[in-house]
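Please look through the structure below with some patience, keeping the sequence beside it as you read. The paragraphs after it move from a pair of helices to the aromatic rings around them.

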Amino acid sequence: MSESSMATQPTEVLPRGVLIAIGALLLIALAGTAAVRLSGVSVREPDAMTVASRALRFDDGADGSIVITDATTGQPAARITGEQGFLRGTLRAVVRERKLRGLVSAVPLQLTSRADGRLTLTDPVTGSRIDLESFGPTNAAVFARWLPQGARP
């Protein structure tokens, strides 16, 4: 046999029954996923009890800082300067979502600590929610510092 005829020879072929079984399994998985998504059933785990919650406003300072105000009391909570990558990135995502929906507003964000250690930043205007613990303990601590000492995850 020449080299060119060997290259065109099929190596191993899966039996037809195996291919049909793989296809059927994929169809069942897709159909099951579609059924759950279209049914509207929530597959999300319910939230644990709230340990602490605080309404905070985040505004840009004239000097490029981030001014954080307790929305309940109107008292300044902090003035953050410097790069603050995670904080700025998270706030940009919230502002972008509001702008996309045409809902630019001064409504404060809700920072919530839960009994199971989860820390959530919720935007009541858009209904969006950022689970801060998903980004690791260091990034979650960026926001946790504005909660009472005993309520921090």
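What follows is a short walk through one region of this model, which is predicted.

Begin with helix H3, which covers residues 85-100, and helix H4, which covers residues 137-144; their axes lie 9 Å apart, and the two helices pack at an angle of about 75 degrees. Since angles from 65 to 115 degrees count as roughly perpendicular, H3 and H4 are therefore roughly perpendicular to each other. On the side of H3 the contact is made by Phe86, Leu87 and Thr90, while H4 contributes Asn139, Val142 and Phe143. Sorted by character, the residues of this contact are four nonpolar and two polar, with no charged ones.

Two of the names in that contact return when we turn to aromatic rings, for Phe86 and Phe143 form an edge-to-face pair, with 6.0 Å from centre to centre and 85 degrees between the planes. This pair links distant parts of the chain, as Phe86 in helix H3 and Phe143 in helix H4 are 57 residues apart.

Phe143 also pairs edge-to-face with Phe58, at 6.2 Å centre to centre and with 65 degrees between the planes. Because Phe58 belongs to strand S1 (residues 50-60) and Phe143 to helix H4, this pair ties together parts that are 85 residues apart in sequence.

Are these three rings buried or exposed? Residues under 20% relative accessible area count as buried, so Phe58 at 16% is buried, as are Phe86 at 18% and Phe143 at 0%.

Finally, the whole structure holds five aromatic pairs, and Phe58, Phe86 and Phe143 join Phe135 and Trp146 in one aromatic cluster.

Definitions and conventions
Residues are numbered from 1 along each chain as its sequence is written. This is a predicted model: local features need pLDDT of at least 70, side-chain atom pairs count only at pLDDT 80 or more; totals for chains, interfaces and linings use all residues. Side-chain values use heavy atoms; hydrogens and water are left out. Axes are lines fitted to C-alpha atoms, for helices over the stretch in contact, and angles run from 0 to 180 degrees between N-to-C directions. Helices (H or I, at least four residues) and strands (E, at least two) are DSSP runs, numbered from the N terminus. Angles under 35 degrees count as roughly parallel, over 145 as roughly antiparallel, 65 to 115 as roughly perpendicular and the rest as oblique. Contact means heavy atoms within 4.5 Å. Ala, Val, Leu, Ile, Met, Phe, Trp, Tyr, Cys and Pro count as nonpolar, Asp, Glu, Lys and Arg as charged, and the others, Gly among them, as polar. Rings of Phe, Tyr and Trp (its six-membered ring) pair if their centres lie within 6.5 Å; planes under 30 degrees apart count as stacked, over 60 as edge-to-face and the rest as tilted. Buried means under 20% relative accessible area, exposed over 50%, partly exposed in between (1.4 Å probe, protein chains only).
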